[in-house]
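I opened a new model today and kept notes as I went. Here is what I looked up, in order.

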Amino acid sequence: SQPVGTYPAVATMVPAVSCDSATHCVSVATYNNATQGVLISDDAGQTWSPESLPTEISGLDWISCVSGHCVVVGSSGGPPGSAEALVSADDGMTWTMGNFPSGTGGLGGVSCSSTTACVAVGNSLSTPGGGVPTGALYSSDGGLTWSRSTLVSGASPGSLASVSCPAGTTSCVAVGNEAVLYSTNSGQTW
């Protein structure tokens with residue numbers, strides 16, 4: 001059997017992990033002082049080093065890393081519709097804030113197929129003016145800016161809980177309570 005790694009004592013909750021190689025992994029973590037950060041492992045999860053995030057935010061629960069590029073998303077403790085994204089282009093060492101469209105909240109997952117193409121899904125991704133929620137957003141710049149996806153006519157995804165976009169492809173599958181959606185253009189249309 002393989003040895004088991006442990007997180008540092010400062011981490012009280014670790015909701016998600018993403019590995020972009022056989023040895024490099026990044027986890028989202030809540031620390032014992034109630035702040036959030038990331039844990040980085042360069043030995044396949046045997047040991048972890050805590051890293052700080054650039055701002056006081058909470059609710060970051062999903063992460064996707066590919067080729068040294070990581071995107072973390074979640075819904076902050078702010079007002080409803082306060083989704084947040086953080087982007088790292090250096091294996092999780094430094095982070096930059098991303099921007100979601102106004103009213104975005106209730107995120108439930110993120111997947112990046114390259115250092116530029118990412119998709120986020122959720123259950124309350126409302127549209128301005130109270131239109132039908134799209135359930136999905138896409139980014140063509142690695143998670144720095146996000147746009148609402150377009151659904152096929154008549155589709156009503158309800159709550160989308162998870163998304164997967166295999167590395168090196170433009171294909172994505174999103175699943176939820178009421179639908180399975182498929183995209184062939186990195187989440188722009190479903």
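**Entry 1: the whole chain.** I began with the surface. The protein chain exposes about 8,500 Å². Carbon and sulfur atoms supply 53% of that area. I note here that this is a predicted model. Next I asked how much of the chain is covered. Of its 190 residues, 46% count as buried. I then looked up secondary structure and found 15 strands and zero helices in the protein chain. I also checked contacts between residues with a separation of 6 or more. In that set, 40% come from residues 24 or more positions apart.

**Entry 2: the disulfides.** How many disulfides does the structure hold? I found four. I counted the bonded cysteines along the chain to get the connectivity. The pattern is 1-2, 3-4, 5-6, 7-8. I looked at three of these bonds in detail.

Cys19 and Cys25 came up as one pair, with their sulfur atoms 2.0 Å apart. That meets the cut-off for a disulfide, which is a pair of cysteine sulfur atoms within 2.5 Å. Is this disulfide right-handed or left-handed? The torsion about its S-S bond is about 100°, so I logged it as right-handed. I then checked the cover on each end. Cys19 is partly exposed, with a relative accessible area of 42%. Cys25 is buried, at 5%. The cut-off I needed for that call is that buried means under 20% relative accessible area.

Cys65 and Cys70 form another pair, and I read 2.1 Å from S to S. The torsion about this S-S bond is about 110°, so this disulfide is right-handed. Are its cysteines buried or exposed? Cys65 is buried, with a relative accessible area of 8%. Cys70 is also buried, at 0% relative accessibility.

Cys165 and Cys172 are joined too, their sulfur atoms 2.1 Å apart. Here the S-S torsion is about 115°, so I wrote down right-handed again. Both Cys165 and Cys172 are buried.

**Entry 3: a sheet.** I followed Cys172 into its surroundings. Strand β14 covers residues 172-176. Which strands share a sheet with β14? The order is β13-β14-β15, an open sheet of three strands with antiparallel pairing. The edge strands are β13 (160-164) and β15 (180-183), and each of them pairs on one side only. From one strand to the next, the twist averages 20°. I reminded myself that strands of a sheet pair through backbone hydrogen bonds, either parallel or antiparallel. I then looked at the β14 and β15 pairing. Four bridges join these two strands, which run antiparallel. I picked out Ala174 and looked for its bridge partner in β15. That partner is Leu181.

**Entry 4: Gln36.** I wanted one polar residue to look at closely. Gln36 sits in strand β3, which covers residues 36-41. Is Gln36 buried or exposed? At 8% relative accessibility, Gln36 counts as buried. So I asked what the side chain of Gln36 reaches. I found the backbone nitrogen of Leu60 at 2.9 Å. I listed the neighbours as well, leaving out residues up to four places away in sequence. Gln36 touches Val28, Ala29, Thr30 and Tyr31, among others. The list also includes Leu53, Ile57, Ser58, Gly59 and Leu60. Leu60 therefore goes down twice in my notes, as a contact and as the residue whose backbone nitrogen the Gln36 side chain reaches.

Note on methods
Residues are numbered from 1 along each chain as its sequence is written. This is a predicted model: local features need pLDDT of at least 70, side-chain atom pairs count only at pLDDT 80 or more; totals for chains, interfaces and linings use all residues. Side-chain values use heavy atoms; hydrogens and water are left out. Buried means under 20% relative accessible area, exposed over 50%, partly exposed in between (1.4 Å probe, protein chains only). Two strands pair if DSSP finds at least two bridges between them. Axes are lines fitted to C-alpha atoms, for helices over the stretch in contact, and angles run from 0 to 180 degrees between N-to-C directions. A polar contact is a pair of N or O atoms within 3.5 Å; within protein, one must be able to donate a hydrogen and the other to accept it, and residues adjacent in sequence count only if both atoms are side-chain atoms. Contact means heavy atoms within 4.5 Å. Accessible areas come from the Shrake-Rupley method with a 1.4 Å probe; for residues, only the protein chains shown count as cover.
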